[in-house]
Amino acid sequence: TKANRILALKPNVLQPERTYQFQLSCFDPQDALKHVGTASTSIRVNSPPSLGTCNLTPASGDTNTEFRVTCTDWTDEDVPLKFAFFTVDKEGNMDQVLMPQTSSKAFLSLPPGNVTLRASILDSHNAPSYVDLFATVVTPDLSSHYEVSEILRSTIEKTTSSETNGD
């Protein structure tokens, strides 16, 4: 009978920049002591981009603010690098704000609240490094807009009234 065997490893068991050797030995199913063949391979585990930083400016604003995220000095031998951005909720769930792109700068609108923005820096094999950035985002105060519009309306009415009355 044929036996299908699968080698599966848990995520992140293999360490970046280390080399691992895998060896497969086959034996006759009728005679477990009869060695039929061996195959082996070595693999070097890819490492994610390193040594860079990311910044988010401004650190606070409202939902109309255009926030700028800039990632600089990231290095990796597997180029081009890509940058993606996510908001992260309190449970750690990520919601993608911007798809992976080769530009290390982006302008974003953020939702209200104490926002965690996660920058994901990916090499050409999609090995990720992450940087969490933080912003405080409020809903704009519409009452000040209302007051300005009321002042303008009142001024226009007075102007129109004085022109009509010949003042």
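How many aromatic pairs does this structure hold by the rule for ring centres? The count comes to zero. Keep in mind as you look around that this is a predicted model. One aromatic ring still has a charged companion: Arg-118 sits over the face of Tyr-130, 5.8 Å from the ring centre.

Let us turn to the cysteines. The structure holds one disulfide, and the residues it joins are Cys-54 and Cys-71, with 2.2 Å from S to S. Cys-54 belongs to strand 3 (residues 53-57) and Cys-71 to strand 5 (residues 67-72), so the bond ties together parts that are 17 residues apart in sequence. The torsion about the S-S bond is about 110°, so this disulfide is right-handed. How much of the pair can be reached from outside? Cys-54 has a relative accessibility of 7%, and because buried means under 20%, Cys-54 counts as buried. Cys-71, at 3%, is buried by that cut-off too. Cys-26, by contrast, is partly exposed, with a relative accessible area of 34%.

Next comes a sheet. Strands of a sheet pair through backbone hydrogen bonds, either parallel or antiparallel. Here you can find an open sheet of five strands in the order 4-10-9-6-7, with mixed pairing. Strand 4 (60-62) and strand 7 (94-101) stand at the edges with a single partner strand each, so one side of each has no neighbour in the sheet. On average, neighbouring strands of this sheet are turned by 30° against each other, direction ignored.

To see one pairing in detail, follow strand 6 (residues 82-88), which runs antiparallel to strand 7 over five bridges. There, Thr-87 has Asp-95 in strand 7 as its bridge partner.

Notes:
Residues are numbered from 1 along each chain as its sequence is written. This is a predicted model: local features need pLDDT of at least 70, side-chain atom pairs count only at pLDDT 80 or more; totals for chains, interfaces and linings use all residues. Side-chain values use heavy atoms; hydrogens and water are left out. A disulfide is a pair of cysteine sulfur atoms within 2.5 Å. Helices (H or I, at least four residues) and strands (E, at least two) are DSSP runs, numbered from the N terminus. Buried means under 20% relative accessible area, exposed over 50%, partly exposed in between (1.4 Å probe, protein chains only). Rings of Phe, Tyr and Trp (its six-membered ring) pair if their centres lie within 6.5 Å; planes under 30 degrees apart count as stacked, over 60 as edge-to-face and the rest as tilted. A charge sits over a ring if NZ of Lys or CZ of Arg is within 6 Å of the ring centre and within 35 degrees of the ring normal. Two strands pair if DSSP finds at least two bridges between them. Axes are lines fitted to C-alpha atoms, for helices over the stretch in contact, and angles run from 0 to 180 degrees between N-to-C directions.
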